[in-house]
Amino acid sequence: MMPMAAYGTRPDGRAPWTRALVTGGAGFLGSHLCTRLLDSGVEVDCLDDLSTGRAEKVAHLAGRPGFRFLERDITEPGAVGSRDGPYDLVLHLAGPGPCPAARPDRPLELLDSASAGTRAALAAADRDGARFLLASTPLPDGPAPQGGTDPFGPLGVYAEAVRFAEALTAAHAGGPGAEAGTVRLFTTVGPRMRTDDGGIPGTLLAQALAGGPVTVPGDGGRRHSLCYVDDMVDGVLRVAAGRSVRPVDLGGDEAPTALEIARRVLELTGCDTPPAVTGPAADVPEPPRPVTGFAHEIFGWMPAVPWTEGLARTVASLTDRTGTVPAAVGRDGEEYWT
(Lines give C-alpha, C1' and ligand atoms only; values in the text may rest on other atoms or scores of the structure.)
Protein backbone atom coordinates (compact mmCIF):
# COMPACT_ATOMS: atom_id res chain seq x y z
CA MET A 1 0.00 0.00 0.00
CA MET A 2 1.42 3.38 -0.99
CA PRO A 3 1.73 6.23 1.53
CA MET A 4 -1.00 8.79 1.97
CA ALA A 5 1.29 11.54 0.67
CA ALA A 6 1.16 9.87 -2.73
CA TYR A 7 -2.25 11.35 -3.49
CA GLY A 8 -1.70 14.80 -2.05
CA THR A 9 -1.75 16.11 1.50
CA ARG A 10 -2.06 19.36 3.38
CA PRO A 11 0.97 20.83 5.17
CA ASP A 12 -0.04 19.01 8.37
CA GLY A 13 0.20 15.67 6.57
CA ARG A 14 -3.53 15.04 6.41
CA ALA A 15 -5.56 14.26 3.30
CA PRO A 16 -6.68 17.14 1.04
CA TRP A 17 -10.34 16.69 1.98
CA THR A 18 -12.31 17.41 5.14
CA ARG A 19 -15.57 15.50 4.60
CA ALA A 20 -16.43 12.94 1.94
CA LEU A 21 -19.63 11.33 0.73
CA VAL A 22 -19.21 7.75 -0.51
CA THR A 23 -22.32 6.42 -2.24
CA GLY A 24 -22.43 2.65 -2.38
CA GLY A 25 -20.05 2.76 0.58
CA ALA A 26 -21.22 -0.57 2.02
CA GLY A 27 -19.97 -2.42 -1.04
CA PHE A 28 -16.61 -4.12 -1.45
CA LEU A 29 -14.55 -1.22 -2.77
CA GLY A 30 -16.69 1.41 -1.05
CA SER A 31 -16.00 -0.03 2.39
CA HIS A 32 -12.25 0.05 1.76
CA LEU A 33 -12.44 3.65 0.53
CA CYS A 34 -14.37 4.65 3.66
CA THR A 35 -11.69 3.04 5.82
CA ARG A 36 -8.77 4.67 4.02
CA LEU A 37 -10.38 8.11 4.12
CA LEU A 38 -11.11 7.83 7.83
CA ASP A 39 -7.55 6.66 8.47
CA SER A 40 -6.27 9.79 6.72
CA GLY A 41 -8.37 12.15 8.84
CA VAL A 42 -11.37 12.62 6.55
CA GLU A 43 -14.91 12.51 7.95
CA VAL A 44 -17.05 10.12 5.91
CA ASP A 45 -20.75 9.77 5.20
CA CYS A 46 -21.33 6.27 3.81
CA LEU A 47 -24.62 6.18 1.91
CA ASP A 48 -26.04 2.82 0.82
CA ASP A 49 -29.51 1.32 0.49
CA LEU A 50 -28.07 -2.18 1.06
CA SER A 51 -29.68 -3.56 -2.08
CA THR A 52 -26.32 -4.97 -3.14
CA GLY A 53 -24.08 -3.67 -0.35
CA ARG A 54 -23.92 -5.32 3.05
CA ALA A 55 -23.92 -3.65 6.46
CA GLU A 56 -21.26 -6.04 7.75
CA LYS A 57 -18.74 -4.63 5.28
CA VAL A 58 -18.65 -1.37 7.25
CA ALA A 59 -19.40 -2.84 10.68
CA HIS A 60 -15.75 -2.37 11.66
CA LEU A 61 -16.23 1.39 11.24
CA ALA A 62 -19.17 1.67 13.65
CA GLY A 63 -18.32 3.99 16.52
CA ARG A 64 -15.33 5.58 14.83
CA PRO A 65 -15.31 9.40 15.12
CA GLY A 66 -16.28 11.08 11.87
CA PHE A 67 -18.14 8.10 10.37
CA ARG A 68 -21.87 8.01 9.61
CA PHE A 69 -23.75 5.23 7.90
CA LEU A 70 -26.83 6.49 6.06
CA GLU A 71 -29.21 3.79 4.85
CA ARG A 72 -30.75 5.64 1.91
CA ASP A 73 -31.44 5.12 -1.76
CA ILE A 74 -29.46 7.68 -3.79
CA THR A 75 -32.15 7.60 -6.50
CA GLU A 76 -34.84 8.84 -4.12
CA PRO A 77 -35.53 12.60 -3.89
CA GLY A 78 -33.76 14.21 -0.96
CA ALA A 79 -31.36 11.30 -0.42
CA VAL A 80 -28.64 13.88 0.24
CA GLY A 81 -30.36 16.48 2.39
CA SER A 82 -29.48 19.95 3.59
CA ARG A 83 -28.33 18.52 6.92
CA ASP A 84 -25.66 16.44 5.19
CA GLY A 85 -22.22 17.75 4.37
CA PRO A 86 -20.84 20.10 3.34
CA TYR A 87 -18.60 17.82 1.29
CA ASP A 88 -15.40 18.53 -0.56
CA LEU A 89 -15.25 15.02 -2.08
CA VAL A 90 -18.05 12.86 -3.52
CA LEU A 91 -17.15 9.32 -4.60
CA HIS A 92 -20.08 7.84 -6.50
CA LEU A 93 -19.96 4.04 -6.40
CA ALA A 94 -23.74 3.55 -6.39
CA GLY A 95 -23.93 3.78 -10.16
CA PRO A 96 -24.79 0.91 -12.52
CA GLY A 97 -22.80 -1.51 -10.36
CA PRO A 98 -19.62 -3.54 -10.81
CA CYS A 99 -21.13 -6.43 -12.75
CA PRO A 100 -24.41 -7.03 -14.60
CA ALA A 101 -24.53 -10.57 -13.22
CA ALA A 102 -25.14 -9.05 -9.79
CA ARG A 103 -28.68 -8.01 -10.74
CA PRO A 104 -29.65 -9.30 -14.21
CA ASP A 105 -33.39 -9.18 -13.57
CA ARG A 106 -33.53 -5.54 -12.38
CA PRO A 107 -32.96 -3.43 -15.50
CA LEU A 108 -35.04 -0.49 -14.27
CA GLU A 109 -32.89 -0.23 -11.13
CA LEU A 110 -29.77 -0.25 -13.29
CA LEU A 111 -31.13 2.61 -15.37
CA ASP A 112 -32.29 4.53 -12.28
CA SER A 113 -28.88 4.22 -10.63
CA ALA A 114 -27.17 5.50 -13.76
CA SER A 115 -29.56 8.39 -14.33
CA ALA A 116 -31.31 9.60 -11.16
CA GLY A 117 -28.59 8.27 -8.87
CA THR A 118 -25.73 9.90 -10.75
CA ARG A 119 -27.68 13.16 -11.08
CA ALA A 120 -28.28 13.23 -7.32
CA ALA A 121 -24.63 12.56 -6.51
CA LEU A 122 -23.54 15.24 -8.99
CA ALA A 123 -26.01 17.68 -7.45
CA ALA A 124 -24.55 17.06 -3.99
CA ALA A 125 -21.05 17.77 -5.31
CA ASP A 126 -22.23 20.83 -7.19
CA ARG A 127 -24.03 22.19 -4.13
CA ASP A 128 -20.83 22.14 -2.07
CA GLY A 129 -18.25 22.73 -4.81
CA ALA A 130 -16.84 19.26 -4.19
CA ARG A 131 -14.63 17.11 -6.39
CA PHE A 132 -16.82 14.39 -7.94
CA LEU A 133 -15.59 11.02 -9.11
CA LEU A 134 -17.75 8.40 -10.83
CA ALA A 135 -16.73 4.79 -10.36
CA SER A 136 -17.48 3.23 -13.73
CA THR A 137 -16.60 -0.10 -15.28
CA PRO A 138 -15.05 -1.25 -18.56
CA LEU A 139 -17.26 -2.72 -21.25
CA PRO A 140 -16.07 -5.56 -23.48
CA ASP A 141 -15.43 -4.94 -27.14
CA GLY A 142 -17.53 -6.87 -29.62
CA PRO A 143 -20.66 -8.95 -28.95
CA ALA A 144 -21.45 -10.16 -25.46
CA PRO A 145 -22.14 -13.84 -24.80
CA GLN A 146 -25.56 -15.46 -24.49
CA GLY A 147 -27.45 -12.89 -26.49
CA GLY A 148 -25.92 -9.92 -24.70
CA THR A 149 -26.08 -7.82 -27.85
CA ASP A 150 -29.83 -7.44 -27.37
CA PRO A 151 -30.21 -3.78 -26.30
CA PHE A 152 -33.20 -4.76 -24.17
CA GLY A 153 -31.46 -7.77 -22.58
CA PRO A 154 -29.70 -7.56 -19.18
CA LEU A 155 -26.20 -6.98 -20.56
CA GLY A 156 -27.47 -4.53 -23.16
CA VAL A 157 -29.25 -2.45 -20.52
CA TYR A 158 -26.18 -2.60 -18.31
CA ALA A 159 -23.94 -1.29 -21.08
CA GLU A 160 -26.29 1.58 -21.84
CA ALA A 161 -26.52 2.46 -18.15
CA VAL A 162 -22.73 2.61 -17.87
CA ARG A 163 -22.44 4.79 -20.98
CA PHE A 164 -25.15 7.15 -19.77
CA ALA A 165 -23.55 7.63 -16.33
CA GLU A 166 -20.21 8.42 -17.97
CA ALA A 167 -21.81 10.79 -20.48
CA LEU A 168 -23.68 12.58 -17.70
CA THR A 169 -20.47 13.02 -15.74
CA ALA A 170 -18.60 14.27 -18.80
CA ALA A 171 -21.35 16.78 -19.59
CA HIS A 172 -21.27 18.02 -16.01
CA ALA A 173 -17.48 18.36 -16.13
CA GLY A 174 -17.88 20.86 -18.96
CA GLY A 175 -19.81 23.27 -16.75
CA PRO A 176 -18.24 26.30 -15.10
CA GLY A 177 -16.36 25.50 -11.91
CA ALA A 178 -17.26 21.79 -12.03
CA GLU A 179 -14.71 19.20 -10.97
CA ALA A 180 -16.07 15.87 -12.18
CA GLY A 181 -14.15 12.84 -13.40
CA THR A 182 -14.48 9.12 -14.03
CA VAL A 183 -12.44 6.07 -13.10
CA ARG A 184 -13.01 2.78 -14.89
CA LEU A 185 -12.34 0.01 -12.39
CA PHE A 186 -11.17 -3.39 -13.58
CA THR A 187 -11.35 -6.64 -11.62
CA THR A 188 -10.41 -6.10 -7.99
CA VAL A 189 -9.71 -8.73 -5.35
CA GLY A 190 -9.31 -8.53 -1.60
CA PRO A 191 -11.10 -8.87 1.74
CA ARG A 192 -14.87 -8.38 1.59
CA MET A 193 -15.06 -9.04 -2.17
CA ARG A 194 -18.12 -10.74 -3.65
CA THR A 195 -17.83 -14.29 -4.91
CA ASP A 196 -21.31 -14.39 -6.46
CA ASP A 197 -20.84 -11.89 -9.27
CA GLY A 198 -20.50 -14.50 -11.98
CA GLY A 199 -17.00 -13.37 -12.93
CA ILE A 200 -13.37 -14.41 -12.60
CA PRO A 201 -11.98 -15.02 -10.00
CA GLY A 202 -15.10 -14.78 -7.79
CA THR A 203 -16.75 -17.89 -9.23
CA LEU A 204 -13.54 -19.90 -9.00
CA LEU A 205 -13.09 -18.88 -5.37
CA ALA A 206 -16.67 -19.84 -4.49
CA GLN A 207 -16.36 -23.22 -6.19
CA ALA A 208 -13.01 -24.05 -4.60
CA LEU A 209 -14.10 -23.00 -1.11
CA ALA A 210 -17.14 -25.27 -1.52
CA GLY A 211 -14.86 -28.20 -2.35
CA GLY A 212 -15.22 -28.12 -6.14
CA PRO A 213 -15.65 -28.85 -8.93
CA VAL A 214 -13.89 -25.79 -10.35
CA THR A 215 -14.92 -24.94 -13.90
CA VAL A 216 -12.94 -22.58 -16.11
CA PRO A 217 -14.75 -20.76 -18.96
CA GLY A 218 -13.78 -21.73 -22.50
CA ASP A 219 -10.34 -23.27 -22.84
CA GLY A 220 -9.00 -21.31 -19.87
CA GLY A 221 -6.75 -19.15 -22.03
CA ARG A 222 -8.53 -15.81 -21.67
CA ARG A 223 -6.49 -13.31 -19.68
CA HIS A 224 -7.87 -11.31 -16.77
CA SER A 225 -6.48 -8.16 -15.21
CA LEU A 226 -6.42 -8.51 -11.41
CA CYS A 227 -5.73 -5.67 -8.99
CA TYR A 228 -5.53 -5.89 -5.20
CA VAL A 229 -7.98 -3.65 -3.37
CA ASP A 230 -5.34 -1.57 -1.52
CA ASP A 231 -3.80 -0.63 -4.87
CA MET A 232 -7.21 0.15 -6.37
CA VAL A 233 -8.12 2.41 -3.44
CA ASP A 234 -4.84 4.25 -3.83
CA GLY A 235 -5.51 4.75 -7.54
CA VAL A 236 -9.03 6.07 -6.96
CA LEU A 237 -7.81 8.59 -4.39
CA ARG A 238 -4.94 9.74 -6.61
CA VAL A 239 -7.38 10.49 -9.41
CA ALA A 240 -9.76 12.14 -6.94
CA ALA A 241 -6.96 14.42 -5.75
CA GLY A 242 -6.27 15.50 -9.33
CA ARG A 243 -8.44 17.44 -11.74
CA SER A 244 -8.67 15.02 -14.63
CA VAL A 245 -12.02 14.98 -16.43
CA ARG A 246 -11.17 12.20 -18.88
CA PRO A 247 -11.88 8.59 -17.84
CA VAL A 248 -8.92 6.91 -16.17
CA ASP A 249 -8.42 3.14 -16.33
CA LEU A 250 -7.37 1.48 -13.07
CA GLY A 251 -6.46 -2.19 -13.11
CA GLY A 252 -3.70 -4.72 -12.70
CA ASP A 253 -0.79 -4.65 -15.12
CA GLU A 254 -0.46 -8.41 -14.80
CA ALA A 255 -2.99 -10.49 -16.72
CA PRO A 256 -2.90 -14.21 -15.86
CA THR A 257 -5.06 -16.65 -17.77
CA ALA A 258 -8.24 -18.02 -16.24
CA LEU A 259 -6.54 -21.42 -15.95
CA GLU A 260 -3.57 -19.89 -14.11
CA ILE A 261 -5.95 -18.15 -11.72
CA ALA A 262 -7.86 -21.40 -11.15
CA ARG A 263 -4.68 -23.32 -10.35
CA ARG A 264 -3.58 -20.61 -7.89
CA VAL A 265 -7.01 -20.66 -6.24
CA LEU A 266 -6.89 -24.45 -5.89
CA GLU A 267 -3.41 -24.24 -4.38
CA LEU A 268 -4.44 -21.58 -1.87
CA THR A 269 -7.70 -23.25 -0.81
CA GLY A 270 -6.33 -26.77 -0.63
CA CYS A 271 -9.06 -28.00 -2.96
CA ASP A 272 -7.81 -31.21 -4.61
CA THR A 273 -10.26 -31.17 -7.54
CA PRO A 274 -8.46 -30.43 -10.83
CA PRO A 275 -9.85 -27.53 -12.87
CA ALA A 276 -12.15 -28.40 -15.77
CA VAL A 277 -12.53 -26.27 -18.89
CA THR A 278 -16.01 -25.79 -20.31
CA GLY A 279 -15.39 -25.62 -24.05
CA PRO A 280 -13.73 -23.85 -26.98
CA ALA A 281 -12.18 -20.42 -26.54
CA ALA A 282 -14.67 -18.94 -29.01
CA ASP A 283 -17.46 -19.47 -26.49
CA VAL A 284 -16.00 -16.88 -24.11
CA PRO A 285 -15.30 -13.24 -25.09
CA GLU A 286 -11.91 -11.70 -24.34
CA PRO A 287 -12.22 -9.56 -21.19
CA PRO A 288 -11.27 -5.90 -21.63
CA ARG A 289 -7.78 -4.96 -20.50
CA PRO A 290 -6.94 -1.69 -18.73
CA VAL A 291 -4.90 0.95 -20.51
CA THR A 292 -3.07 2.28 -17.47
CA GLY A 293 -0.47 4.50 -19.13
CA PHE A 294 -2.40 7.66 -18.23
CA ALA A 295 -2.67 6.59 -14.57
CA HIS A 296 1.06 5.81 -14.51
CA GLU A 297 2.26 8.98 -16.19
CA ILE A 298 -0.13 11.61 -14.80
CA PHE A 299 -0.91 10.23 -11.34
CA GLY A 300 2.19 8.14 -10.66
CA TRP A 301 0.03 5.14 -9.88
CA MET A 302 1.24 1.57 -10.26
CA PRO A 303 -0.10 -1.55 -8.55
CA ALA A 304 2.28 -2.77 -5.87
CA VAL A 305 0.78 -6.16 -4.94
CA PRO A 306 1.35 -9.05 -7.42
CA TRP A 307 -1.79 -10.92 -8.45
CA THR A 308 -0.60 -14.12 -6.77
CA GLU A 309 -0.15 -12.32 -3.44
CA GLY A 310 -3.45 -10.50 -3.86
CA LEU A 311 -5.27 -13.80 -4.26
CA ALA A 312 -3.45 -15.24 -1.24
CA ARG A 313 -4.64 -12.35 0.94
CA THR A 314 -8.15 -12.70 -0.46
CA VAL A 315 -8.38 -16.41 0.29
CA ALA A 316 -7.04 -15.81 3.81
CA SER A 317 -9.80 -13.28 4.42
CA LEU A 318 -12.53 -15.51 2.97
CA THR A 319 -11.53 -18.43 5.19
CA ASP A 320 -11.34 -16.31 8.35
CA ARG A 321 -14.54 -14.26 8.39
CA THR A 322 -15.58 -13.59 11.96
CA GLY A 323 -17.50 -11.01 13.97
CA THR A 324 -21.06 -9.76 14.12
CA VAL A 325 -22.79 -6.64 12.89
CA PRO A 326 -23.56 -4.15 15.68
CA ALA A 327 -27.00 -2.66 15.95
CA ALA A 328 -27.50 0.66 14.24
CA VAL A 329 -28.54 3.67 16.27
CA GLY A 330 -31.95 4.96 15.24
CA ARG A 331 -32.28 8.67 14.68
CA ASP A 332 -35.18 10.43 13.00
CA GLY A 333 -36.43 7.13 11.63
CA GLU A 334 -33.22 6.42 9.68
CA GLU A 335 -30.26 4.12 10.17
CA TYR A 336 -27.14 5.91 11.39
CA TRP A 337 -23.85 4.64 12.73
CA THR A 338 -21.92 7.38 14.47
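## Core packing and ring contacts

Leaving aside residues up to four places away in sequence, Leu37 is in contact with Trp17, Ala20, Val22, Val42, Val44, Leu89, Leu91 and Leu237. These contacts, like everything described below, are read from a predicted model. Leu37 belongs to helix α1, which covers residues 28-39, and is buried, with a relative accessible area of 0%. Although Leu37 and Arg19 are separated by 18 residues in sequence, their C-alpha atoms are 9.0 Å apart in space.

Leu37 is also one of the residues with the most contacts inside the largest nonpolar core, a set of 60 residues in which Phe67, Leu91 and Leu250 are named alongside Leu37 in this respect. The largest share of this core, 7 residues, is contributed by helix α5, residues 229-241. A second, separate core of 21 residues has among its members Tyr87, Ala121, Ala125 and Phe132. In soluble globular proteins, nonpolar side chains tend to be buried together.

Leu91 leads from the core to the strands. With residues up to four places away in sequence again not counted, Leu91 touches Leu21, Val22, Thr23, Leu33, Leu37, Leu133, Val236, Leu237 and Ala240. Strand β4, residues 89-92, is covered on both faces, since Leu89 and Leu91 on one side are buried, as are Val90 and His92 on the other. The pairings of β4 with strand β1 (residues 19-23) and with strand β5 (residues 131-136) are set out below, each with a bridge partner.

| Strand pair | Sense | Bridges | Facing residues |
|---|---|---|---|
| β1 and β4 | parallel | 4 bridges | Val22 and Leu91 |
| β4 and β5 | parallel | 4 bridges | Val90 and Phe132 |

Val22, the bridge partner of Leu91 in β4, is also among the residues that Leu37 touches, whereas Phe132, which stands opposite Val90, is included in the second core.

Which aromatic rings pair with each other? A search of the whole structure returns 1 aromatic pair. That pair is formed by Phe294 and Phe299, whose rings are arranged edge-to-face, with 5.8 Å from centre to centre and 85° between the planes. Phe299 counts as buried because its relative accessible area is 12%, which is under the 20% cut-off for that class. The ring of Phe294 has a further neighbour, in that the charged end of Arg246 sits over this ring at 3.9 Å from its centre. A charge over a ring is also found at Tyr228, where the charged end of Arg313 lies 5.0 Å from the ring centre.

Notes: Residues are numbered from 1 along each chain as its sequence is written. This is a predicted model: local features need pLDDT of at least 70, side-chain atom pairs count only at pLDDT 80 or more; totals for chains, interfaces and linings use all residues. Side-chain values use heavy atoms; hydrogens and water are left out. Buried means under 20% relative accessible area, exposed over 50%, partly exposed in between (1.4 Å probe, protein chains only). Helices (H or I, at least four residues) and strands (E, at least two) are DSSP runs, numbered from the N terminus. Two strands pair if DSSP finds at least two bridges between them. Rings of Phe, Tyr and Trp (its six-membered ring) pair if their centres lie within 6.5 Å; planes under 30 degrees apart count as stacked, over 60 as edge-to-face and the rest as tilted. A charge sits over a ring if NZ of Lys or CZ of Arg is within 6 Å of the ring centre and within 35 degrees of the ring normal. A nonpolar core is a set of buried Ala, Val, Leu, Ile, Met, Phe, Trp, Tyr and Cys residues joined through side-chain atoms within 4.5 Å. Contact means heavy atoms within 4.5 Å.
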